[in-house]
Each structure stands twice: as structure tokens, then as C-alpha cells.
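User: Hey, can you walk me through this one? I'd like to start with the cysteines.

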Amino acid sequence: ACSSLDVVLAFSLLLWFWLPYCLTQTTPSNTATSKLKVRLAGYPRKHNEGRIELFYKGEWGTICDDDFTIANAHVLCHHLGFVSATGWTHSAKYGKGQGKIWLDNVQCHGGEKSIEFCKSRGWGNSDCTHDEDAGVVCKDERIPGFVDSNVIDAQVDENKVEEVRLRPVVGVAKKKLPITEGVVEVKYKDGWAQICDAGWTAKNTRVVCGMLGFPHERKKNNFLLHSVACTGTEVHLAACPLEFNKPNATSSCAGGMPAVISCMPGPLFMQNSGLKKKLKISTNVRLKGGAKVGEGRVEVLKDNVWGTVCDDRWNLLSASVVCRELGFGSAKEALTGARMGQGMGPIYMNEVKCLGQERSIWDCPVKNITSENCQHSEDAAVRCNVPYMGLETSIRITGGRTRYEGRVEVLTSDPNGTQSWGLICGENWSTKEAMVACRQLGLGYANQGLQETWYWDSSNVTDMVMSGVKCTGNEMALSQCQYHKTVSCQRAAAKFAAGVICSETASDLVLNASLVEQTVYIEDRPLHMLYCAAEEDCLSKSAAKANWPYGHRRLLRFSSQIHNIGRADFKPKAGRHSWVWHACHGHYHSMDIFTHYDLLNANGTKVAEGHKASFCLEDTDCQEGISKRYECANFGDQGITVGCWDLYRHDIDCQWIDITDVKPGNYIMQVVINPNYEVAESDFTNNAMKCNCKYDGHRIWFHNCHIGDALSEEAERRFEKYPGQLNNKIS
């Protein structure tokens with residue numbers, strides 16, 4: 001054994017290392033930044049409040065409320081990623097903690113980077129009991145750019161084992177990603193070390209595979225007796241009790257070999273695995289609103305309708321069950337407080353208590369929901385471990401002011417295998433393609449896709465190597481999108497190359513379907529009252545042939561209430577300098593087309609259509625505790641704040657479909673928000689709303705109104721086949 005093993009720690013069970021080279025001891029330098037872990041705990045509580053717990057010397061503990069002040073609370077809330085504190089609590093309001101009381105008589109000024117830099121009696125020096133545990137209430141507003149907050153973290157000391165990797169045994173496998181089998185190696189101090197397979201179990205393999213982004217282990221080896229004590233539910237190998245090779249040991253792995261494992265990849269990652277049998281994944285659980293593959297708000301399907309999960313007692317064990325059943329590894333993070341945006345519709349589960357071995361979250365104990373104890377502001381989310389695919393190595397952005405923006409350059413290989421960087425033709429480059437580029441770069445959502453990038457001309461790369469790129473928006477890399485086999489670009493100069501502006505957060509608009517159903521009616525409106533509407537192209541084409549100002553148009557009217565349930569404000573793509581003034585109605589248009597209104601027949605053909613220019617994007621009203629930011633009066637800023645909604649009442653111009661030429665019958669009414677993807681959103685699948693519609697020539701009825709992604713595939717198929725069944729209002 002190497003002499004530096006004298007510094008290796010001893011833990012509780014056997015884990016022997018094969019050492020590729022000597023490990024060296026490093027001493028951390030003293031810096032002004034803090035690595036102290038802080039979390040909010042207790043019950044009941046919201047995501048922005050709770051008992052304060054600190055992770056110190058490998059153990060979670062609390063803070064005593066003696067001499068506690070709002071300044072202390074400010075420091076702690078900042079540490080957690082909130083802009084400030086609104087209050088603090090004493091006398092264990094959120095329940096009594098366990099273990100150590102780490103700090104007492106804490107006195108902060110309010111500007112400290114961490115609570116550890118404030119005056120106190122010192123770590124572990126306290127005369128308090130857990131009846132005096134302090135808590136904080138943080139303002140529910142995030143520090144811009146703050147990442148990895150509100151995370152329920154793995155409760156392990158990751159200094160034991162920092163990283164785990166698989167080293168392929170077969171040389172060919174090194175070129176194929178993801179790596180699904182090989183020798184298990186762990187990063188320890190400054191080196192990589194192998195693990196002895198004596199006593200290695202399938203449960204240990206399950207933990208390692210989960211860390212590496214794989215849902216299951218493959219039955220590869222027959223193992224001997226227990227010598228590493230993973231239970232199989234851990235999310236990190238460091239959470240299993242470990243014992244390192246002892247100093248001066250005569251044998252580093254008696255009778256053993258390096259541990260070799262094989263993992264089963266999920267369906268998204270099987271293309272290079274050579275495996276024929278595809279893993280089945282859950283059809284009644286999904287992730288929504290995430291920027292990256294393997295993250296999002298947890299939604300579950302019940303009675304053909306999708307709903308969310310409340311975050312009370314949400315933890316890594318439950319999150320890992322969700323991740324594995326969807327074909328990913330174990331959970332990297334369990335997120336609370338609607339950190340992946342708020343859902344719509346029902347909340348089905350609360351206080352989920354998975355043990356970690358369940359095949360589905362539906363197999364875990366849960367508590368029934370009442371409206372008093374859960375709101376969509378408490379929707380649970382996950383970030384799952386996913387296999388390393390190396391996708392970010394074949395793309396980069398250059399010339400931008402920040403790392404989130406720039407001209408897109410892609411890595412290509414010529415027939416000789418020589419690699420070089422090249423540009424993408426900007427023609428028809430849109431938000432959808434930009435979404436894929438930002439995802440591939442690991443930079444979140446696409447804020448904008450740009451067809452000209454002359455202002456980012458700082459690179460010596462000038463050749464166009466990709467054109468005709470067309471993505472659905474769900475791909476993991478641009479190479480998975482459609483594109484021309486041979487480059488064809490009319491504007492081939494570098495200044496017309498494609499660019500992106502990425503963002504960690506995005507808006508998410510969704511229509512209130514039930515309000516549409518409740519407010520629908522028909523109006524026969526005289527032509528002399530429709531001159532402005534005709535000017536703004538809000539009537540069907542036959543109106544041009546009418547005998548103005550005599551006669552009328554038959555209008556299908558309803559209210560639209562459009563909510564922003566995302567994590568960023570929805571703002572028009574165009575700046576106010578380019579908004580168009582419409583004198584007829586006396587307002588500015590900030591978007592040419594904001595919504596499409598269509599009436600479709602049974603085969604999907606439009607029989608009538610309308611469109612709604614966003615003549616005024618503003619906050620009509622907001623959830624409790626959220627302030628309005630946007631209003632149209634006096635050439636004000638236009639937009640929709642997170643947690644607010646914009647209401648287009650049924651009685652305003654163009655809030656209709658002109659059905660003058662429509663015959664009686666059964667139809668599907670469809671509304672699509674942001675139809676041209678002008679403004680980036682975290683989820684476009686919920687932008688459409690559909691209703692079954694019956695028109696008898698005099699009256700009209702809507703029913704089964706729902707958001708495009710609210711129903712199961714089976715229920716959506718039944719809806720599309722609507723044969724004209726009547727509701728109880730029609731005989």
C-alpha cells in the first residue's frame with residue numbers, strides 16, 4: 001500500500017481499494033466563501049419557511065433561538081437563495097429537531113456570507129434544548145441566477161467518495177456513450193481507485209447504476225457474502241457505510257478482483273448500447289417543465305387526467321422511485337415549492353413515503369389531499385441522474401456578452417476523421433431549434449433563437465456546415481433534428497449564422513379551460529359596430545363581400561384567462577420601440593399574433609378561425625402575495641408576471657370566432673396561445689386548449705374543455721372521435 005494511505009479514514013464496513021497511484025492529502029484553503037450546508041425542515045411549513053438546520057462535521061443540527069434577530073434570518077435566507085427574510089420563529093414552531101444544537105447566541109449584522117461568519121458561542125456550545133429551535137420565514141422571491149436551491153439533499157458526507165465512474169473493460173466500448181458496464185472506480189482525494197469485488201452485492205450495483213443515470217442493474221455476476229452494506233435505496237455510494245483499505249494491510253483485496261458491474265439504460269439512452277430488449281417505463285407518471293432531460297415537475301395520471309404531487313415530506317427516496325420508473329437513475333435532487341413551475345388541475349398525492357424499492361410512486365403510501373393543506377405553489381419536482389452522453393462536447397457558443405448567449409458552432413468531422421468547428425445557417429432557425437441547442441449546452445431554456453449574429457462576430461470560424469435544421473423541441477442534441485444532407489444556405493455569410501440566448505428560467509402560459517366553457521355564447525353583431533375589428537382582420541373573409549354597414553356577423557364569444565405558471569415573466573419578443581399603434585382601438589400591439597382561435601370539423605379541417613393580437617399583455621390579477629408588474633395604460637410595460645393572469649373578457653373586440661358561415665353540427669373548438677413560438681416557454685405542450693362544441697344554428701354549447709396535455713392518450717383519442725354525444729342540456 002502507498003504511504004499516503006496513513007491518512008485514510010476508517011468507516012463501518014468493508015470496502016477495499018485497488019490504487020492506480022498514490023493518493024495525496026490536500027489541505028483546504030481558508031476562503032470567504034462558505035461550503036456550509038443549510039436547509040429548512042419541520043412540519044407543517046411552506047417551501048420558504050421552516051426550522052433551520054446546519055450540516056457540520058457530518059451531522060445535521062439546529063440553532064438555538066437565544067438572541068436570534070431578523071439580521072440572522074436575512075443571512076440564512078440569502079444562503080438558501082431567497083432575496084431576504086420576512087420574519088423568524090422561536091420555541092420550535094416547526095417542531096423539535098434532533099441531534100446537535102450547533103449554534104447559540106448568534107449575532108449577525110445581516111451582510112455576512114454565511115451564518116458561520118457571525119458571532120456566537122462557538123460550534124456545539126449551547127445551553128439550550130430542542131424546545132428552543134429557531135426557524136425563519138423567507139420572502140418567496142429567488143435571488144436572480146441562484147441555482148440548486150430548495151434542494152432536499154442527500155444526507156451524506158461526500159468527502160468520503162466524491163465521484164463514481166465506470167472504466168470500460170473492452171476498448172471499443174470507450175468510444176460508445178453511454179458507458180453501461182465496466183470496472184467501478186471512485187474518486188478519492190486526488191486519484192481514482194478501484195473497488196474489491198469480494199462480497200459485492202447486486203444492491204451495491206443498483207446504487208452505482210442509479211448514480212450514473214441508469215434505472216436498473218443487469219444480472220451479470222453471482223456475488224458472495226455481504227461485505228458492502230448498501231440497502232439499494234441510497235442515491236449515492238457515499239451514503240452506504242464504507243471502510244477504506246487499512247494502513248499496512250498485507251493484502252489489498254484478498255481473493256478478489258476489481259468490481260465489474262453492468263447497468264441497464266433507459267429507453268432514451270439505448271441507441272449505442274447494443275441491447276435488444278427495451279426497458280418499459282411508466283405511462284402514468286411524467287416530468288413537466290424541466291429544461292434538461294430527466295428533470296421536471298412530477299405529474300401522475302389518475303382517471304385519465306394528469307395531476308401533481310404535493311411537496312409535504314417529499315424526499316430523495318420518493319424522488320428516486322419516480323426517476324427510476326421513468327428510465328433514469330436515482331434522484332440527484334428532490335425539489336419543493338414548485339421549483340419547476342406550477343401545475344394546473346388536480347393535486348393527487350401528499351406526504352408520499354416511498355421506501356426506495358417500489359416500482360412506482362403509485363405503490364408508495366400517500367395521504368389524501370384536501371384544498372386546505374396543498375396548493376400548486378407546493379408542487380414537487382425532481383432532478384434525476386442521467387447517463388453521461390458527451391453531447392455538450394460537439395457544440396459551443398461564441399461572441400456573446402455572457403456564457404448564456406452567442407453564435408452557435410458545431411463540431412464536424414471530414415472523411416479523414418479531422419475534426420473542426422463550423423456555423424449553422426440562420427434561415428428558418430427558430431425558438432424550437434434554440435431550445436435544443438440550449439439543452440445540449442446545459443444552459444437551460446432558449447430565451448431566443450436568432451437568425452442573424454453579426455454583432456457576435458468574434459470567432460475565426462466562418463464555414464456553414466449545417467442548414468435546414470428543423471427540431472420538434474424535445475431532442476437532446478441538434479444532431480437528432482432534421483437537417484439538410486448537403487448544406488444549402490442562401491445567406492452563407494457568417495453574420496447570418498444562427499445564434500441563441502439561453503436562460504435558466506422561462507415562462508409557461510396556460511389557458512383557464514373551465515372559464516372558456518362557462519362564458520361561451522353567440523352574438524349577432526351589427527356591421528356598423530365592426531369597422532375596427534375588420535381593420536384588424538378579426539372577421540372571416542366573407543365579411544369583405546357584405547353590404548356594409550347593413551347586416552350583421554354571427555360571433556362565437558368567450559373569455560380567455562391566460563395564466564403564467566412558469567418561473568419567468570412572459571414578455572413580448574419585440575421591444576416597445578417596435579410596437580405598432582392602432583388608432584382605431586387606441587392601443588399598441590406588442591405581438592402580431594398572440595392566440596389562434598379555430599373551429600374544426602371531425603377531420604380536423606378549419607371551418608372558422610380568428611386570431612388575437614396581444615393588443616395589451618398585462619397583469620389583470622395575481623395570486624395572493626404577488627404584485628402586479630405590467631399594465632398597458634400610459635404606454636406601460638407589457639407582460640404577464642409569474643403567478644398572475646391576463647384576462648380577455650368576452651365583450652372586447654376580436655375576442656371571438658366569426659361563425660357567420662358555419663352550418664349547424666358538432667365541432668372541436670381550439671385555442672392556441674403563442675402559436676408561432678415567438679416567446680420562449682418551458683413547456684409548449686400545454687399551450688393548446690380544446691372543447692367539444694355543439695351548434696344547433698341558434699345556440700352553442702361547449703363541454704369537455706381541457707388543456708392539450710391534461711388527459712391520457714386514450715382519453716384524448718376518445719375526445720377526437722367525438723361522435724356528437726349530447727350533454728344534459730340538449731334533448
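Analyst: Sure. A disulfide here is a pair of cysteine sulfur atoms within 2.5 Å. Keep in mind that this is a predicted model.

User: OK, so how many disulfides by that rule?

Analyst: The count comes to 14 disulfides.

User: Give me one to look at. What does Cys 108 pair with?

Analyst: Cys 108 is joined to Cys 118, with an S to S distance of 2.1 Å. The torsion about that S-S bond is about 105°, so the disulfide of Cys 108 and Cys 118 is right-handed. Both cysteines sit in the loop between strand E6 (100–103) and strand E7 (135–138), 10 residues apart.

User: Are Cys 108 and Cys 118 buried or exposed?

Analyst: Both Cys 108 and Cys 118 are buried.

User: And what about Cys 471 and Cys 481, what's the torsion there?

Analyst: About 105° around the S-S bond, so the link of Cys 471 and Cys 481 is right-handed. Their sulfur atoms are 2.1 Å apart. Cys 471 and Cys 481 lie in the loop between strand E24 (464–466) and strand E25 (499–503), with 10 residues from one to the other. Both of these cysteines are buried.

User: What about Cys 693, which cysteine sulfur is nearest to it?

Analyst: That would be the sulfur of Cys 691, at 8.2 Å, and Cys 693 is in no disulfide. With 0% relative accessibility, Cys 693 counts as buried.

User: Now Cys 209 and Cys 263: left-handed or right-handed?

Analyst: Left-handed, with -85° about the S-S bond of Cys 209 and Cys 263. The sulfur atoms of this pair are 2.0 Å apart. Cys 209 belongs to helix H2 (residues 202–211) and Cys 263 to strand E13 (residues 260–264), so the disulfide ties together parts that are 54 residues apart in sequence.

User: Why do those two count as buried?

Analyst: The cut-off for buried is under 20% relative accessible area. Cys 209 is at 0%, so it counts as buried. Cys 263 is at 0% too, so it counts as buried as well.

User: Back to Cys 693 for a sec. Which way does it point from strand E38?

Analyst: Met 689, Cys 691, Cys 693 and Tyr 695 point one way from E38, while Ala 688, Lys 690, Asn 692 and Lys 694 point the other way. Every one of those residues is buried. That's 8 of the 8 residues of E38 (residues 688–695), so the strand is largely enclosed by the rest of the structure.

User: Lysines included, noted. What does E38 pair with?

Analyst: Strand E37 (residues 665–673) pairs with E38 in the antiparallel sense over 8 bridges. Strand E39 (residues 700–707) also runs antiparallel to E38, and 6 bridges join them. Lys 690 is a handy landmark: Gln 670 is its bridge partner, and His 706 in E39 stands opposite Lys 690.

User: What's in the turn between E38 and E39?

Analyst: E38 and E39 form a hairpin with 4 residues between them, and Gly 697 in the turn has a positive phi of about 95°.

User: Switching to helices. How many residues of H1 are buried?

Analyst: 7 of the 10 in helix H1 (residues 70–79), so the helix is largely enclosed by the rest of the structure. The buried ones are Ala 71, Asn 72, Ala 73, Val 75, Leu 76, Cys 77 and His 79.

User: What covers them?

Analyst: The cover over the buried residues of H1 includes strand E2 (37–41), strand E3 (49–56), strand E4 (59–63), strand E5 (85–89) and E7. Just after H1, Gly 81 takes a positive phi of about 95°.

User: Where's Glu 378?

Analyst: Glu 378 is in the loop between strand E18 (347–349) and strand E19 (381–384). Its relative accessible area is 9%, so Glu 378 is buried. Setting aside neighbours within four places in sequence, Glu 378 contacts Val 309, Cys 310, Asp 311, Asp 312, Gly 337, Ala 338 and Asn 373.

User: Last thing: what's the strand order in the open sheet of 3 strands?

Analyst: The order is E27-E28-E36, with antiparallel pairing. Strand E27 (521–526) and strand E36 (656–658) are the edge strands, each pairing on one side only. The twist averages 35° from one strand to the next. E27 and strand E28 (residues 552–557) are joined by 6 bridges, and Pro 526 has His 552 in E28 as its bridge partner.

Note on methods
Residues are numbered from 1 along each chain as its sequence is written. This is a predicted model: local features need pLDDT of at least 70, side-chain atom pairs count only at pLDDT 80 or more; totals for chains, interfaces and linings use all residues. Side-chain values use heavy atoms; hydrogens and water are left out. Two strands pair if DSSP finds at least two bridges between them. Helices (H or I, at least four residues) and strands (E, at least two) are DSSP runs, numbered from the N terminus. Axes are lines fitted to C-alpha atoms, for helices over the stretch in contact, and angles run from 0 to 180 degrees between N-to-C directions. Buried means under 20% relative accessible area, exposed over 50%, partly exposed in between (1.4 Å probe, protein chains only). Contact means heavy atoms within 4.5 Å.
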